[in-house]
Amino acid sequence: MKVIIVGAGIGGLGAAIALNRAGHDVEVYESSSFLKEVGAAINLTPNATRVLKSWDCDFETMFPVECETLKLYSGKLEFLQTVASTKEGQEKLGIKDPWLLVHRVDLHNALRSLAKRQFQSRSVTIYLNSKVESVNAETGEVHFKGGRTVRGDLVVGADGLHSRTVEAVLGNGSDKISTGQKVFRFIVPIEKANTNPSVKNLVDRFGLNQTSRICSGRGRMVIYPCRSGTLLNCAFVTPATPAEDLAGRESSWLNVGSVEDLVSCLDGFDDRIREFCKMGEDLKLWSLVTRDPPPTYIKGKLALIGDAAHPMLPHQGQGGAQALEDAAALGALFGPDTAPEQVNDLLNIYNEVRYEHTVTVCITSRVGPDSRNEALKDLKRFLPNAKVAGNPILNTWNSDPAKEVERLLALRRKEDAL
């Protein structure tokens, strides 16, 4: 089959790799003039590394740090609890997949290399400067600004929060929703941190093998290492002020923030945190704007994946992981002998496998871990019988969409044989 993928981010490249390995001719169309993922670091929890391993990804090419624990501290740096332990989680679930902390650019580069690598004499073709005008889900046609049209047996919409492909499912756009929160994202080089004794003390206390979450009344700071332990990735989530029109502002990694504004939000935090933040580099201010997931991820020959389907906010660190899971599900569904007339039926299975799980993660990712009941009320707008797992971290770690696809396909074959 010919597969057209709109968007070359984590989800789009993941889908390209999975579907190319499944035996299809894959073309990816990226709107930007340069193929470069922006942003800071990303969690690759066991459900994500499981997918990457199945694609023969060499983890070392991403310069990862293995995360051992997620620990919670007060704003005054009092230890409160260990929220997650990789070793304990692996033992409880019977898995060996690691939890890796990587720079987003390093992950994107690794995915690009995998996409370009030939698999059974095929490699993925990527086109830049290809801005989508519209998609016809029924015919599989993608229309680009400038007049070009391409057609595929399967179209994958992987164009993120500001998706154009979602319009082909909904019939129109979906309004953005402000969460009333903003996040400062920045990095601090370890070498730089070690020049300040109080900051070095902070870094030594946290170590370079854990994710640290520091909470105070004004917000929540998350710090973890990446790029072989040479950088600390940092995010501070705090309420937006009434004067900030976050709903009308584009949510983008390119919005520049100021260290002074960040420090002004740190009342109630230990002075070492304030000194640490003053060392921040490449600081961005990201408005936490989202939109509701559509009532279905599919229509005709079109499947939505990643943030185009279920925009994730950072509270669970699952955005990239869920996009990779979507890609793995498509790769498992569309085997090399798939005929074009089977696409619609197989997409129904994709929707069945992915919708409930990802909508649950999507909606619960809008709030912190202390607001689960609030999230459950919101979730029931989409899934009336929804329940939030007792341990949502282990619930996501244990997810294996390829196995779920295999289970449903086997059930279909059994039903057809009766």
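In this predicted model, 21 residues of domain 1 are in contact with 21 residues of domain 2. As for what these two parts are, domain 1 is pieced together from three stretches of the chain, 2–55, 102–174 and 292–416, while domain 2 is a single run, 177–290. Going by C-alpha atoms, the centres of domain 1 and domain 2 sit 29 Å apart.

How much area gets hidden where the domains meet? Domain 1 and domain 2 bury about 1800 Å² between them, and carbon and sulfur atoms account for 58% of that. On the domain 1 side, Ala41, Leu313 and His315 stand out: this trio supplies 25% of the area that domain 1 buries against domain 2, more than any other three residues.

Then there are the polar links. Eight residue pairs turn up in polar contact across the interface of domain 1 and domain 2, counting pairs with both residues at pLDDT 80 or more. As for salt bridges, the count between the two domains is one. Asp106 forms a salt bridge with Arg227, and their closest N and O atoms are 2.9 Å apart.

Which elements give two or more residues to the side of domain 1 that touches domain 2? They are two strands and a helix: β3 (41–44), β7 (100–103) and α4 (104–116). Sorted by class, the side of domain 1 that touches domain 2 is a mix of eleven nonpolar, six polar and four charged residues.

Methods
Residues are numbered from 1 along each chain as its sequence is written. This is a predicted model: local features need pLDDT of at least 70, side-chain atom pairs count only at pLDDT 80 or more; totals for chains, interfaces and linings use all residues. Side-chain values use heavy atoms; hydrogens and water are left out. Domain bounds come from an automatic or database domain assignment. Contact means heavy atoms within 4.5 Å. Buried area is the accessible area (1.4 Å probe) that two parts lose on being put together, summed over both. A salt bridge is a side-chain nitrogen of Lys or Arg within 4 Å of a carboxyl oxygen of Asp or Glu. A polar contact is a pair of N or O atoms within 3.5 Å; within protein, one must be able to donate a hydrogen and the other to accept it, and residues adjacent in sequence count only if both atoms are side-chain atoms. Helices (H or I, at least four residues) and strands (E, at least two) are DSSP runs, numbered from the N terminus. Ala, Val, Leu, Ile, Met, Phe, Trp, Tyr, Cys and Pro count as nonpolar, Asp, Glu, Lys and Arg as charged, and the others, Gly among them, as polar.
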